[in-house]
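The exercises below go through one protein chain step by step, each with a task sentence and a worked solution. Please look over the sequence and the structure before starting.

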Amino acid sequence: MTKSLVIVESPSKAKTINKYLGKKYKVIASVGHIKNLPKSKISVDFENGYELTYETIPGKEKIIDEMKELSSSSDKIFIATDPDREGEAIAYDIAEEVKGKNPNIYRVLFNEITKKGVEEGINNPLKIDEKLVSSQQARRALDRIVGYKVSPFLWKVIYYGLSAGRVQSVALRLICEREEEIRKFIPSEYWSILANFKDRDKNKVFESKLISKNDTSFKFNGEDPRIKEEKEADEILEDLKHNSFKVSDIIKREVKRNPYPPFTTSSLQQDSSVRLRFAPKKTMMLAQKLYEGIDIGEEGLTGLITYMRTDSTRLSEDAVSEARGFIKERFGKEFLPKEPKVYSKKKENTQDAHEAIRPTSVYRTPESLKDDLTPDLLRLYDLIWKRFVACQMQNSVSDQITLLIDSFSESKNGKGHNVDQFRTTDSTIKFKGFLGLYDDVFEEEKEDTEDEFAIPEEIEIGDLLDLEEFFKKQHFTNPPPRYTESSLIKQLDNLGIGRPSTYAMIVSTIINRTYSDLIERKLYATELGEAVNRLLASHFSDVINAKFTALMEEELDKIAEGELTYKKVLDDFYLPFNLDLEHLNLKTKDIKESLIEKTDIECEKCGGKMIIKWGRNGRFLSCNKYPKCKNAKPLPGEQQEHQELAEGKFCNLCGAPMLVKSSKYGKFLGCSNYPECKNILPITLGIKCPKCKEGEILSRKALKSKKTFYGCTRYPDCDFISNSKPRETKCEMCGSSYMLEKYSKKKGEFLECPECKHKVEIESKDAVITA
């Protein structure tokens with residue numbers, strides 16, 4: 001019997017699909033792309049309509065031969081690569097290879113790798129969408145042109161090996177602009193006034209906050225008064241001491257909160273980063289496995305989630321119906337809304353090609369799969385499952401009570417004169433609804449809720465209050481927070497930059513290129529990253545900017561929809577870009593010289609002057625008579641730092657002094673007797689390891705993710721590890737020998753004990769005050 005051939009991308013996906021299709025089908029894997037653009041050249045033919053030149057990926061010849069051989073003996077060929085533009089491009093390449101052997105080629109889309117999803121795809125075959133293929137090729141061409149035309153410019157003016165990218169450079173610009181905002185930010189001092197009042201009749205004490213003052217100078221656009229100095233706060237306190245207080249109004253209202261929509265790729269990466277501490281790249285790797293299929297006992301290989309690259313929050317009617325039935329059974333009818341929740345497009349440019357990310361069956365609960373999934377797979381599946389179920393649950397309902405307290409002074413005629421007002425707000429959850437399954441409030445944020453205080457139940461309008469205590473509280477405004485992987489992806493998504501399949505790669509590329517450091521989950525622009533960004537922003541501002549990049553994404557969408565042609569989009573971009581580039585290449589020497597900084601430091605070897613230049617390991621001092629004189633050394637500030645780091649450090653092999661040296665992996669201590677002695681040592685924080693008490697703590701970087709973490713010099717004998725930077729500060733609560741540097745949007749920087757979780761605020765690098 002003649003079989004039909006099904007071609008997918010991954011072997012694990014092939015196994016899962018083969019189980020559902022049976023003996024009438026032969027399922028094989030292409031193992032990803034079979035063709036790619038060669039790295040050695042740009043591969044865009046500018047004279048022939050920007051035609052791309054693809055090459056067979058080395059090692060894929062055997063797979064292509066197998067596909068051709070099986071195609072010639074098959075009835076039909078179904079190409080079932082991933083249901084996105086990249087998958088369409090892979091399908092096109094496969095079809096080009098096998099169409100000479102068998103023209104009966106069909107494209108099938110599997111939104112989920114389940115029996116129902118596979119049968120639905122096979123029974124509704126399509127033709128390869130050449131408009132989608134053209135859109136994907138236009139993306140590749142644009143990326144190639146920017147990368148292969150702009151990168152050489154960076155090589156000429158900074159150093160060889162740097163890279164620029166159409167989207168990655170915009171993401172870098174966002175990080176650098178935020179870095180500049182933080183650098184320029186000047187904290188402003190302000191004070192708040194709080195009071196403890198006691199109801200005369202009920203004898204209940206509660207706290208309240210001053211929100212308005214009769215003196216309009218304390219009002220800022222209707223917000224809480226910003227009292228700029230302690231002197232002003234003292235004057236207000238003195239004035240308030242002579243006033244009387246009463247409850248002027250009690251405002252009660254019911255607050256309903258809608259559930260979050262089901263996951264898109266962007267929101268999955270964001271939530272996974274915040275809740276699970278997974279890097280975007282790791283999240284997508286795990287999601288791919290859940291989509292392609294996991295062996296779950298009696299069911300065998302089964303796809304557990306729908307396709308994970310999507311910008312849509314749309315859900316199928318069957319999935320919603322199943323979820324509603326589950327909610328009624330598991331949680332009760334009070335948790336089930338009368339009508340299904342429907343989530344609309346969040347942006348105009350949403351492609352809406354696939355459903356949102358959801359479990360393929362809501363009855364495959366995380367609890368039922370705990371023996372079949374690895375810990376990380378289970379945590380991600382649990383997140384996706386809960387988000388999906390919660391999105392169809394009833395709203396949460398809270399009772400919010402706001403108490404307004406008037407402060408007034410008695411006038412001579414016996415009438416009160418209002419001068420200021422206090423407010424106390426309290427809220428209690430009356431019905432958890434979806435929050436019973438998918439709570440979105442983290443503990444550290446709960447602690448930071450300053451404006452909510454408990455309100456006595458019996459209090460009434462008109463109640464007179466006695467002042468128990470006034471107190472003032474000092475605050476400082478915080479700079480905008482640095483981007484995290486999560487918040488950067490959110491910003492890219494909001495700006496319409498990139499697509500679901502590109503977010504994780506954009507973030508990891510910036511980190512891998514050392515344009516940004518990931519320290520304690522925050523993205524810091526490196527000196528190199530800022531230098532590259534300044535050049536790109538100065539000379540390619542019309543291309544390397546958020547608005548233009550978002551516009552190009554819209555034009556790529558229009559190619560997919562048939563509204564624009566491949567050549568039209570490339571012409572609109574390349575022709576003006578190339579003119580700018582040609583003009584810029586004439587000024588390369590001048591631009592490079594503008595990056596060189598002159599100094600008054602004399603070269604001790606030839607008497608010339610030292611200049612500051614760029615090299616692979618950053619900026620350094622070099623003799624202006626190079627290459628005749630090859631004297632080079634660290635910058636003055638770094639020299640002092642290096643001396644301090646190497647002070648008192650001697651080689652444990654030959655006894656010679658150790659020197660600070662640099663490599664592409666960072667700074668280290670090397671023996672001054674090199675090359676006779678090649679001993680090297682790491683540079684530590686000078687803090688004893690809290691676990692083994694023998695080694696010292698040093699900063700390290702993960703090989704793949706490039707994330708900074710802290711470990712012991714005695715690894716692997718000592719396995720101490722921390723994602724937060726340890727500080728040799730003793731915890732006053734439990735006596736722990738060290739605390740961890742942390743950050744939150746509301747608290748700013750603070751120290752947290754790893755043992756008892758006690759927190760102290762960081763006032764400055766040299767002063768720590770108890771929170």
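## Exercise 1: The chain as a whole

Buried residues, meaning those under 20% relative accessible area, with exposed over 50% and partly exposed in between (1.4 Å probe, protein chains only), make up 48% of the 771 residues in the chain. The model is predicted, so local features need pLDDT of at least 70 and side-chain atom pairs count only at pLDDT 80 or more, while totals for chains, interfaces and linings use all residues. Residues are numbered from 1 along each chain as its sequence is written, and side-chain values use heavy atoms, with hydrogens and water left out.

Task: state how many helices and strands there are in the chain, and the box that its C-alpha atoms fill.

Solution: Helices (H or I, at least four residues) and strands (E, at least two) are DSSP runs numbered from the N terminus, and the chain has 19 helices and 33 strands. Taken along the principal axes, the box filled by the C-alpha atoms is roughly 105 × 85 × 55 Å.

## Exercise 2: Helix 6

Task: compare the reach of helix 6 with its expected span, and decide whether helix 6 is largely enclosed or not.

Solution: The expected span of a helix is 1.5 Å times one less than its number of residues. Helix 6 (residues 168–184) has 17 residues, and from its first C-alpha to its last it reaches 24 Å, close to the 24 Å expected at 1.5 Å a residue. Next comes burial: 12 of the 17 residues are buried, so helix 6 is largely enclosed by the rest of the structure. Among the buried residues are Val170, Leu172, Leu174, Ile175 and Ile182, and also Arg173, Arg178 and Glu179.

## Exercise 3: Salt bridges

Task: find which parts of the chain are linked by the salt bridges of lysine 116, lysine 472 and lysine 633.

Solution: A salt bridge is a side-chain nitrogen of Lys or Arg within 4 Å of a carboxyl oxygen of Asp or Glu, and by this rule the count comes to 43.

1. Lysine 116 forms a salt bridge with aspartate 318, the closest N and O atoms being 2.5 Å apart. The pair links distant parts of the chain, 202 residues apart, with aspartate 318 in helix 10 (residues 317–330) and lysine 116 in helix 4 (residues 115–123). Lysine 116 is partly exposed, at a relative accessible area of 45%.
2. Lysine 472 and aspartate 234 meet through their side chains in a salt bridge (2.7 Å, N to O). Lysine 472 lies in strand 16 (residues 464–476) and aspartate 234 in helix 7 (residues 230–240), so the pair ties together parts that are 238 residues apart in sequence. Lysine 472 is partly exposed at 30%, and aspartate 234 is partly exposed at 34% relative accessibility.
3. Lysine 633 and glutamate 604 meet in a salt bridge as well (3.1 Å, N to O). Lysine 633 belongs to strand 22 (residues 632–633) and glutamate 604 to the loop between strand 19 (597–602) and strand 20 (609–615), so the pair ties together parts that are 29 residues apart in sequence. Lysine 633 counts as partly exposed at 22% relative accessibility, whereas glutamate 604, at 53%, counts as exposed.

Beyond these pairs, a network of salt bridges links Glu9, Lys13, Asp82 and Arg309.

## Exercise 4: A residue in a loop

Task: locate glutamate 755 and decide whether glutamate 755 is buried or exposed.

Solution: Glutamate 755 is found in the loop between strand 31 (748–752) and strand 32 (759–762). With a relative accessible area of 57%, glutamate 755 is exposed. Its C-alpha atom is separated by 9.6 Å from that of tyrosine 738, which is 17 residues apart along the chain.
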